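Me: Could you take one part of this model and look at it closely with me, going slowly from a single residue outwards to what surrounds it? I am in my first year, so please connect each step to the one before.

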Amino acid sequence: MNKMNKLEKSWILYDWANSAYTLTVVSTILPLFFKMILTDAGKTQSMSTAYWGYINSLATFIIAIIAPILGTMADYRGYKKIFFVSFVSLGIFATLGLSFVTTGLWPILLIFYLISSVGFAGANVFYDAFLTDVTTKDKMDKVSTYGFALGYIGSTIPFIISLAIVILSQMEIISMSMSLAFKISFIITALWWGVFSLPMIKNVKQVYGIKREDKVMKKSFIRLYNTFKNITKHKQVFIFLVAYFFYIDGVSTIIKMATSYGADLGIGMTTLLIVLLVTQFVAFPFAIIYGKLAERFTARKMIIFGIIVYIFICIYAYFLDSAFDFWLLAILVGTSQGGVQGLSRSYFGKLVPKENSSEFFGFYNIFGKFAAIMGPLLVGGVTHITGQTNYGVFSIIVLFVIGLLIFLKTPVEKEISKTNVKN
């Protein structure tokens, strides 16, 4: 971090800010709270897992529709920061809204989660696109993986505070209902996200872009249409995006569904939270290790290695039958999730022209988000039909296998040419 400039540090710090939402709301506290209130409403554990999968699919569908449109508009100078701040604000206020929903109104809880998820994902479209504005091509792997690494550590601080409140409430050491303890954690997460987003908002500016012109919206749609129509001509970009469509879906699905899976196995709430906390500490150094290994072996080879690790994870998850197995699985996930995500982002950043980064990262997110509809829907559907969560988790393996086979056709870094991604 000491060798990074102010812009790079400010950009990385946003990962520190928003990862608290991923850990507390997406992966742990909210899924557990949701299961608790659905159980009180007479729903089964597997049914709550199915509903959780469905709402995640809906959220990703919405952002998948709007991401490329807004990304294309954001390439006009000055627009990228406006869209970024708007979606960050939407996500933060919706997260705060989770704390005001009464226990019996679980559909309203899902609506607030839907809005917060769209805000979170929408902000990430423009955050990712800012990577080309804050650093150089030769530093992208390092900066991107450091972002994920710092995010894992940063997310643990509000999570530990929230975890302590929930556990102390559960043990009746503090006079507070479990419902209130969960809601306080949502407030803590929203405040953390907001405060540490300020350096990014203050310091990072859009450097590359196209000149503003009249009828921005109309011309943005024309540019988007032309890019989409000709995207197969951008061979390097297209091959990567198709591969990414499959393998990143598996990664995000495992992150989103891990807590629900553990609960269905009968693992206690406190154990689940502690296991996932340890996973964050494991993920921190391994994200940095992936970045350093990418300097030696290339990002492409490390992404391939990470996908293979995830294939093994799916196989191992099928045979899971104890808390100890869940511990091992969670730690194994922690070794690769940050590396795969961080290097995918930087690898794509090297493929696209800087002046059109928002447009292409819009496609990056549309492929990622449309893919993220399939994974939770697959887990939810298979679990719903079979009544067995392990069948649902195992079904994700097909996404990694297809993604790997296609990714093997992507170019190594020295063969990447900018000529086939110019407008």
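Reply: In this predicted model, I248 has its place in helix α10, and because its relative accessible area is 8%, I248 is buried. Leaving out residues up to four places away in sequence, I248 touches Q341 and G368. There is also a residue that is far off along the chain but can be located in space relative to I248: S344 is 96 residues away in sequence, while the C-alpha atoms of I248 and S344 are 8.9 Å apart.

From here we can stay with helix α10 and turn to its aromatic side chains. Y244 and Y364 form a stacked aromatic pair, with 4.4 Å from centre to centre and 25 degrees between the planes. Y244 lies in helix α10, which covers residues 235-264, and Y364 lies in helix α14, which covers residues 357-386, so this pair ties together parts that are 120 residues apart in sequence. Are these two tyrosines buried or exposed? Y244 counts as buried because its relative accessibility is 8%, and Y364, with a relative accessible area of 3%, is buried as well. The pair belongs to one aromatic cluster, formed by F240, Y244, Y247, Y347, F348, Y364 and F407.

One member of that cluster, Y347, leads us on to the packing of two helices, since Y347 is among the residues of α13 that meet α6. Two packed helices are described by the angle between their axes and the distance between the axes. For α6 and α13, the axes come within 8 Å and cross at roughly 145 degrees, and α6 passes α13 in a right-handed crossing. On the α6 side the residues that take part are M140, D141, S144, T145, F148 and Y152, and those they meet in α13 include Q341, R345 and Y347. Q341 is already familiar, as it is one of the residues that I248 touches.

R345 deserves a closer look of its own. Side chains of opposite charge can pair when their charged atoms come close. The side chains of R345 and D128 meet in a salt bridge, at 3.1 Å from N to O. Since R345 lies in helix α13 (residues 323-351) and D128 in helix α4, the pair ties together parts that are 217 residues apart in sequence. R345 and D128 are both buried, and together with D15 they are linked in a network of salt bridges.

How many salt bridges does the structure hold? There are five, and another of them joins E8 to K139, whose closest N and O atoms are 3.0 Å apart. E8 lies in helix α1 (residues 6-40), whereas K139 lies in the loop between α5 and α6, so the pair ties together parts that are 131 residues apart in sequence. The two partners can be described separately: E8 counts as buried because its relative accessibility is 2%, while K139, with a relative accessible area of 24%, is partly exposed.

A further salt bridge is the one between K80 and D133, where the closest N and O atoms are 2.6 Å apart. This pair links distant parts of the chain, with K80 in helix α3 (residues 79-98) and D133 in helix α5, 53 residues apart. K80 and D133 are buried, and K80 also lies over the face of F130, at 4.9 Å from the ring centre.

Helix α4, where we met D128, offers two more examples. S117 lies in this helix, which covers residues 106-129, and S117 counts as buried because its relative accessibility is 10%. Apart from neighbours within four places in sequence, S117 is in contact with Y21 and A59. The other example is aromatic, and the structure holds 34 aromatic pairs. Among them, F34 and W106 form an edge-to-face pair, 6.2 Å from centre to centre and with 65 degrees between the planes. F34 is in helix α1 and W106 in helix α4, so the pair ties together parts that are 72 residues apart in sequence.

Finally, we can step back to the chain. Its secondary structure comes to 16 helices and zero strands, and buried residues make up 61% of its 423 residues. Of the contacts with a separation of 6 or more, 85% are between residues 24 or more positions apart.

Technical notes
Residues numbered from 1 in each chain as written. Predicted model: local features only at pLDDT ≥ 70, side-chain atom pairs only at ≥ 80, totals over all residues. Heavy atoms only, no water. Helix = DSSP H or I, 4+ residues; strand = E, 2+ residues; numbered from the N terminus. Buried < 20%, exposed > 50% of the residue type's maximum accessible area, 1.4 Å probe, protein only. Contact = heavy atoms within 4.5 Å. Salt bridge = Lys/Arg side-chain N within 4 Å of Asp/Glu carboxyl O. Phe/Tyr/Trp six-rings, centres within 6.5 Å; stacked < 30°, edge-to-face > 60°. Lys NZ or Arg CZ within 6 Å of the ring centre and 35° of its normal. Axes fitted to C-alpha atoms, helices over the stretch in contact; angles between N-to-C directions. Left-handed = near helix turned anticlockwise from the far one by under 90°.
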